[in-house]
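Here are my notes on the model you sent, set out as numbered points. Please read them with the structure open beside you.

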Amino acid sequence: MKWWENQPLTICAVQCNLGDDAFWVLDEYVAKQGFNTEQCLHLFTKGHFATYSEERHGEKLDQYLARSREHGLRQICYYNTHCVEEAPSKEHPEWLQRKADGSPLEAYGVCNMVCVNPRGPWHKQYLENIRALIKHEIDGIFLDGPVMRNIGCYCETCQKDFLEKYGHPIEQATRLELQDMRVNSVTGHIKETREVIDASGKEILLYLNNSALRGDITGSNTRKLEPYVDLLGAEGGFYRPAPGNSIWAVTVKSKLLETIGKGKPVVNFFAGNQSGTAYYMHTAAETRLTYATSYANGANVWYGIHGSPSMFKDSDGAKASKEMNKFVLAHKFLYQKSHSTARVALMWSQDTANNYGASYEATDFTEQQVVTAKEKGDHYGELLSFADMLLRNHTQFDIIDEYSVTLEEIKKYDSIILPNVSCMSKEVSEKLEGYVNAGGHLLATYDTACFDEHGKGLSASRLAHVLGVCGKAALRTSPDVGYMKATRDSELTKGLTAPLLPNPKLNLEWTLAEGAEALFVSYWPLPGCYVSLPEKTYPALIKNAFGKGCAYYITGNFANFMMTTYANADYPQILRNFIAATSSPVVSLEGPGLVEAVLRKIDSRYVLHLINKTGAMARPFTDIVPLHGLKITLSLDIKNPVLKTTRGGNPANLKTKGKKLSFTLDALNEFEVIEIR
Ligand SMILES: [Zn+2]
C-alpha cells in the first residue's frame, strides 16, 4: 500500500513567503499544527509564485527534507505549471501561451501563462527540472495548474502541432478542435510527468488541482488525467461565505471526484482564508465544518494559508484547523478508505458543460421555436439545486458522469436523476434505456437528451420513448407566473401543501406517448398575476413504465427554477416522494435544523457523519444552533450493532428491526462522528 492510501491526510500548505524563515515555519507552524504532510511552496519563493530550480533550491531542499523527517512529516513539493513572472517571460518568449493575435496570455496582472504542449520548449525544460527534483528524497509533487486558456493557444508549437493533427491551419479551427487540442496538451503534459516519476521507481505521489463540475475550459479534463495521478483534488474549500453561496461546494465536488477516482483518494483544497481575500481568515466554525464535511464525504483536507504563519498561526481559523487535524489523526480508524452507501445517483454531464452553452444560441431547438440565450436550461444550476434538496432530505447519493453510465455498476442504483442533461451521446442514452428496462428508475428534467454530445440540436429527445413523449417539443415560457396541478392522487402527491404549485419558467410541451400518463399538468402561461386560470393545459410531469422500470419526466427546469425564482416547500416534497417511491432509504433523520448526514462503509463497519449547518440564516457561520433529540434510522447489514460517538453525543432508545437500526441522539453541536460495528 502506498503511503497516501488508507490513512487520512492532513496536508499543510503555506502558500507564500513574505519574510518568515523557512525552517521557523516548519518547526513552529507545520510541525505544531497537527499536520502529517506538507505541500511545500514557501521554500522556493519570495512572494506567492514558486517554481522549483535545482540550481537555486536543491541544497536547501535536502536540509529541509532532513528536518521534516525529524518531525515525522511527509513532504510534497509544489511546482507551478501555469505561469511565469516577468523576467523568465522576457528571457523565454517561446514558453508563453499566445492569443490569436500573437500576444502573450497574462495571469494575475504580473505573470504570463506558459504553454504546456508536450512538444513545446517550456514542457521540455520542465521535465528536466522534474527529473532533478525526484532525485531528492521527496514524497510527492503537486502541480499547480496546468491551465490552457480557452482563448489560446496560438504559439508556434501549437500552430505546427495543430496543422499536423487536423490537416488545416489553426486559423480555420472549429471550437471543438481547439478544445480537443488544449485537452490533449494538458493530458500529454501530465502523462509524460507520470512516466518520468514511474521511471525513477520511487514512491512519489503526483497530484494537481483537478477540475470538478466544470467544462474543459482550462484544458483540464479529470477523466482523462485520472490514470496519471494518485490523488484527485478540487478547490471545494476556496470560498467566500456570502449568504448566497452554496454550503455544499465541498460535498458535490468530492462526490464527483470520488466517482472519477475509482477508489483513488480524494482531497479537498481548503483555503483557511476567504477566497480572494488572502489576509482574512475563516471563522473557527466555518473551518471546523469544512473539515468535517470533507472527511465525511471521503475527501482528505489540504489546509492552505495565503499569508505569513507568523501573522496567522494564532487566528481562530488556524487554531480550529489544528484542533481538527489532531481530532482526525487521533481517530484514524474512522477515516480509513471508505465507501459510499448511496442507492441514488445524480448525473453530471461533461458533454453538456462543454457543448450546450456554446452552441445553443446558434441552434434551432424545434421547428416552431428558435431558442435564445435566456431560454437555455442550466445543467449546473439544476444539478446543484437537486443536490441541495437531496442533502436536506439526508438522501445518500453519488454524483456520476457519462462514463459511469456506461459501466455495469450503475445497476446498484435504485434511481438516477438527470438534471437538465441536455447533451447526450447515443451510447449514453442506450445505456440509460437499458438501465430502466432492467428495472431502474429515472427522473429527468427539461431538455434532457435533446442535443447530441457535441451540442447539435436533435429533432427529438434521445430518451423520448423512455420518458414517454413523442413528436416535437414546443417551448412554453412563463413570462412571470404560471401554475401546475396534479391530475390525480399519486405516489408523487403525498404531503403537498397546495392544489396549485408554481410552474417552472422554461417548459417543453410534448405529446404523450401511448401508455404514458401526465401526473401533473401545467396551465398555459398566464398574461399576468391577477387573472383567472386559463383552461388549456399540457403535460408537466409524465410517468412512463418502461420494461421492468419506470421513468418520471418533469418537462420544465424544475430544480433550478425552485432555487433561483420561486422557492417553495412542494418541489422538495415531490422529489422526496420520488425517492420514497423508487428507492429504499439508507438514512432517515427526523428533527428540525439543517444537518448533512453521510453514512459510509469501512470494510464491515459503518461510520455516520452528522454535520450541523444550522446557523442564524447568515454566513459566515460563527455559532451553530445545537440540535436535540434527533431521530435517526439507518439501513445496515450488520447484526447487533454497537454505536460509539466521538464528540459527546449519547445515542438512546436503540432499536433494531430487520436491517433497520433506529436511535435518538440527545445532542448535536457542530458535528458528530459515530462508529457502528
Ligand atoms: Zn501553445
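1. Between domain 1 and domain 4, an area of about 2,100 Å² is buried, and carbon and sulfur atoms give 61% of it. This value, like those below, is computed from a predicted model. The contact involves 24 residues of domain 1 and 23 residues of domain 4, while the centres of domain 1 and domain 4, taken over C-alpha atoms, are separated by 28 Å. According to the domain assignment, domain 1 is made of two segments, 1-75 and 245-335, and domain 4 covers 587-676; the assignment also gives domain 2 as 81-229 and domain 3 as 344-582.

2. How many salt bridges does the rule find across the interface of domain 1 and domain 4? There are 4 salt bridges across this interface. Elsewhere in the list of pairs, Arg 600 forms a salt bridge with Glu 258, and their closest N and O atoms lie 2.6 Å apart. Glu 323 and Arg 647 also form a salt bridge, with the closest N and O atoms 3.7 Å apart. This pair links distant parts of the chain, since Glu 323 sits in helix 11 (residues 316-330) and Arg 647 in the loop between strand 28 and strand 29 (651-657), 324 residues apart. Glu 323, at 35% relative accessibility, counts as partly exposed, and Arg 647, at 29%, also counts as partly exposed.

3. Turning to the salt bridges of the whole structure, the search finds 34. One of the pairs is Glu 226 with Lys 264, whose side chains meet at 3.0 Å, N to O. Glu 226 belongs to the loop between helix 7 (222-225) and strand 9 (231-237), and Lys 264 to the loop between helix 8 (249-261) and strand 10 (266-271), so that the pair links parts of the chain 38 residues apart. The partners can be placed by accessibility: Glu 226 is buried, with a relative accessible area of 8%, whereas Lys 264 counts as partly exposed at 24%.

4. A further pair is Glu 675 with Arg 677, which form a salt bridge with their closest N and O atoms 2.9 Å apart. Is each partner buried or exposed? Glu 675 is buried, because its relative accessible area is 3% and the cut-off for buried is under 20%; Arg 677 is exposed, with a relative accessible area of 51%, the cut-off for exposed being over 50%. Apart from this pair, salt bridges that share partners join Arg 119, Asp 161, Glu 164 and Lys 165 into one network.

5. The zinc ion deserves its own point. Which residues coordinate the zinc ion? The SG atoms of Cys 115, Cys 153, Cys 155 and Cys 158 do so, at 2.3 Å. The arrangement is tetrahedral because the 4 donor atoms subtend angles of 102 to 115° around the zinc ion. For reference, the ideal angle for four tetrahedral donors is 109.5 degrees. In sequence, the spacing of the donor residues is C-x37-C-x1-C-x2-C. Cys 115 and Cys 153 come from distant parts of the chain, 38 residues apart: Cys 115 lies in the loop between strand 6 (111-113) and helix 4 (121-133), and Cys 153 in the loop between strand 7 (140-144) and helix 5 (156-166). Both Cys 115 and Cys 153 are buried.

6. The loop that holds Cys 153, between strand 7 and helix 5, is worth inspecting for its backbone. A cis peptide bond joins Gly 152 to Cys 153, with omega about 0°. The peptide bond from Gly 145 to Pro 146 is cis as well, with omega near -15°, and Pro 146 has its place in the loop between strand 7 and helix 5. As background, most peptide bonds are trans, and most residues other than glycine have a negative phi.

7. Two residues with a positive phi complete these notes. His 394, which is not a glycine, has a phi of about 60° and is found in the loop between helix 13 (379-392) and strand 14 (397-400); it is buried, with a relative accessible area of 8%. Asn 640 has a phi near 45° and is found in the loop between strand 27 (627-635) and strand 28 (643-645). Asn 640 is exposed, with a relative accessible area of 69%.

Terms used. Residues numbered from 1 in each chain as written. Predicted model: local features only at pLDDT ≥ 70, side-chain atom pairs only at ≥ 80, totals over all residues. Heavy atoms only, no water. Donors = N, O, S within 2.8 Å, 3.2 Å for Na, K, Ca; no water. Tetrahedral: all angles 85-135°; square planar, octahedral: opposite > 155°, others 65-115°. Helix = DSSP H or I, 4+ residues; strand = E, 2+ residues; numbered from the N terminus. Buried < 20%, exposed > 50% of the residue type's maximum accessible area, 1.4 Å probe, protein only. Domains from an automatic or database assignment. Contact = heavy atoms within 4.5 Å. Buried area = accessible area lost by both parts, 1.4 Å probe.
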